[in-house]
Amino acid sequence: MRELFNRYRFFFLAVVLLLSTLLLYSYNLRNKGATSFFERAILTIAAPFQASLDESADFITGLWGNYLWLVDARRQNLDLLQENRQLTSELQQVEEIRLQNERLRNLLALVDDIDRAALPAQIIGEDASNWARTVTIDKGSRAGLRAGLPVVAAEGVVGRIIKTAPGSSRVLLVTDASSNIAALVQRTRTRGIVHGLGSKLALKYALRDAEVAAGDLLVTSGMGGVFPKGLSLGKVQIAERDELALFQKIVVVPVVDFSHLEEVMVLLGEDR
Amino acid sequence: MRRFLLYLLIGIFFVLLQSSLFPLLLPAGLRPNLLMILIVYLGLSENLTRAVLVALLLGGIQDSFSGTSLGLYVTVDLVLLLLVRLLSTHLNTENPALLLLLIAGGTLVQNLLVGFCLMFFADAGPILSILLSALPQQLLANLLAALLMLLLLLRIQPMFGSRSGLPGLIYQSKRHGA
């Protein structure tokens, strides 16, 4: 018998354990509502561990959710940033339009004074060389422009059109070395030719005795047949008289800031 | 034909940069003349017929975007190209400083030629003083731009498997084992 038990010990123990568990199960099935001692003990012992584990889990989850993962917050942040960028961009556009409106209003006021038909144009390019002073505007022969038409800004004379293509034109600025415009000193009516010096202008052929002083305004004389009379060209910076020279040496600063020029008006046709 | 068109496209791109982008970003004196750099490069690395044809067209393009009359840069670029070609046969093309030296020389020669043409053919008034006052800045801008383009070219060339000889790029030949 003993030998038999030893031989099949494993199976006997297995059957006994299985039956025991089945009995335990059967018992507890009948007493569902009661908490057994074992259960109570386990729960009591495990509770603090469970609590700290829960707290740790909450902490890690919170850390992950609130600081590391942050899917929602990040998404919201991105949405807000995008919205902010869009609003800022719109605000800038509105500001840009307001400034452009202001500039165009000044240009229109000038054109009203000149009393000649005019076409607004935008500057879209500058000269590709470092010595010539020309700009490209976005209106061309399709808009009725042709070589020789004067171009002005709100401050005064910009130049004249020298080349036209269907959709664009090149404008020779008054500061170009090959530009010459008949001009007169507004205060004293002294006549001369305004010549480009690259960044400044020079008034040539002003007689030695003519009264010209620094700060005097130069305007177009209307003699060349290109520019209407009375448009501002620049202010005298230096007026020097040489003992032996027949004419004065006069340097003029243009009234138009060519480095910040954006919109211009092309004057069309004759005076109304 | 493909290389010809490529140079033409690059030239148009350069002139658009010079006339539209650089004025927005760089002060007037510090805008490099990229087309001049391209002409010097053509003079050093392309066969004469192709280089001349491209230089003529690029000159015409540059004339369309600058100055008052067509023909000035056609002439100037052609002279510059021929001078570079003439000189390059007598120079040590393994010297890394050659291209930059030619760019510096090219800037001076180009300004001189422009000044000469404008003074003697166009009566452009005080053009010489304008050119001379802008020359130091122009020189600096061209050299910097050439240096940047050279570095860029070195990065790009291996991507396209191009091994065309470029004087002055001594470490390029090391890289390609040429």
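Two strands are said to pair if DSSP finds at least two bridges between them. In this predicted model, that criterion is met by strand 9 (residues 217-220) of chain A and strand 10 (residues 232-240) of chain A, which run antiparallel and are joined by three bridges. Within this pair, A:Val219 stands opposite A:Ser232 in strand 10 of chain A.

## The two chains

Chain A contains four helices and 12 strands. Chain B, by contrast, contains seven helices and zero strands, and its pattern along the sequence reads α-α-α-α-α-α-α. The table sets out further values for each chain.

| Chain | Residues | Buried residues | Contacts joining residues at least 24 apart, among those between residues at least 6 apart in sequence |
|---|---|---|---|
| Chain A | 272 residues | 29% | 55% |
| Chain B | 178 residues | 36% | 66% |

## The barrel of chain A

Strands 9 and 10 belong to a barrel of chain A, in which six strands close in the order 6-7-8-11-10-9 with antiparallel pairing. From one strand to the next, the twist averages 40 degrees. As general background, the strands of a sheet pair through backbone hydrogen bonds, either parallel or antiparallel.

Strand 6 of chain A can be followed to two partners. With strand 7 (residues 191-196) of chain A, strand 6 (residues 180-185) of chain A pairs in the antiparallel sense over five bridges. Here A:Ala182 stands opposite A:Ile193 in strand 7 of chain A. Strands 6 and 7 of chain A form a hairpin with five residues between the strands, and A:Arg189 takes a positive phi near 65 degrees in this hairpin.

The other partner is strand 9 of chain A, which runs antiparallel to strand 6 of chain A and is joined to that strand by three bridges. In this pairing A:Leu184 stands opposite A:Val219 in strand 9 of chain A. A:Val219 is also the residue that stands opposite A:Ser232 in strand 10 of chain A.

## Where the chains meet

Contact between the chains involves 17 residues of chain A and 22 residues of chain B. On the side of chain A that touches chain B, the elements giving two or more residues are strand 1 and strand 2 of chain A. By class, this side of chain A has seven nonpolar, eight polar and two charged residues.

The loop between strand 1 and strand 2 of chain A holds A:Asp127. Is A:Asp127 buried or exposed? A:Asp127 counts as buried because it has 24 C-beta neighbours inside 10 Å, the threshold for burial being 20 or more. Leaving aside residues up to four places away in sequence, A:Asp127 touches A:Ala132, A:Arg133 and A:Thr134, as well as B:Ser19 and B:Ser66 of the other chain. A:Asp127 also lies 9.6 Å from A:Leu172, C-alpha to C-alpha, although the two are 45 residues apart in sequence.

## Helices of chain B

B:Ser19, one of the residues touched by A:Asp127, is among the buried residues of helix 1 of chain B, which are B:Tyr7, B:Gly11, B:Phe14, B:Val15, B:Gln18, B:Ser19 and B:Phe22. What covers these residues includes elements of both chains: strand 1 (118-126) and strand 2 (134-137) of chain A, together with helix 2 (34-45) and helix 3 (48-65) of chain B. In general, an α-helix has 3.6 residues a turn, so residues three or four places apart point the same way.

Helix 1 (residues 2-25) of chain B has 24 residues and reaches 32 Å from its first C-alpha to its last, close to the 34 Å expected at 1.5 Å a residue. There is nevertheless a kink of about 40 degrees in helix 1 of chain B, centred on B:Gln18.

Helix 2 of chain B, which helps to cover helix 1 of chain B, has 12 residues and reaches 16 Å, close to the 16 Å expected. Helix 2 of chain B is mostly covered, with 11 of its 12 residues buried; among them are B:Leu34, B:Met36, B:Tyr41 and B:Gly43.

A further bend occurs in helix 6 (residues 127-159) of chain B, by about 50 degrees at B:Leu135, with a proline, B:Pro136, following within four residues. The buried residues of helix 6 of chain B include B:Leu131, B:Ala134, B:Gln138 and B:Asn142.

Key:
Residues are numbered from 1 along each chain as its sequence is written. Chains are lettered from A and ligands numbered from 1 in the order in which they are written. This is a predicted model: local features need pLDDT of at least 70, side-chain atom pairs count only at pLDDT 80 or more; totals for chains, interfaces and linings use all residues. The expected span of a helix is 1.5 Å times one less than its number of residues. The bend at a residue is the angle between axes fitted to the seven residues ending there and the seven starting there. Two residues are in contact if their C-beta atoms, placed from the backbone, lie within 7 Å. Axes are lines fitted to C-alpha atoms, for helices over the stretch in contact, and angles run from 0 to 180 degrees between N-to-C directions. Ala, Val, Leu, Ile, Met, Phe, Trp, Tyr, Cys and Pro count as nonpolar, Asp, Glu, Lys and Arg as charged, and the others, Gly among them, as polar.
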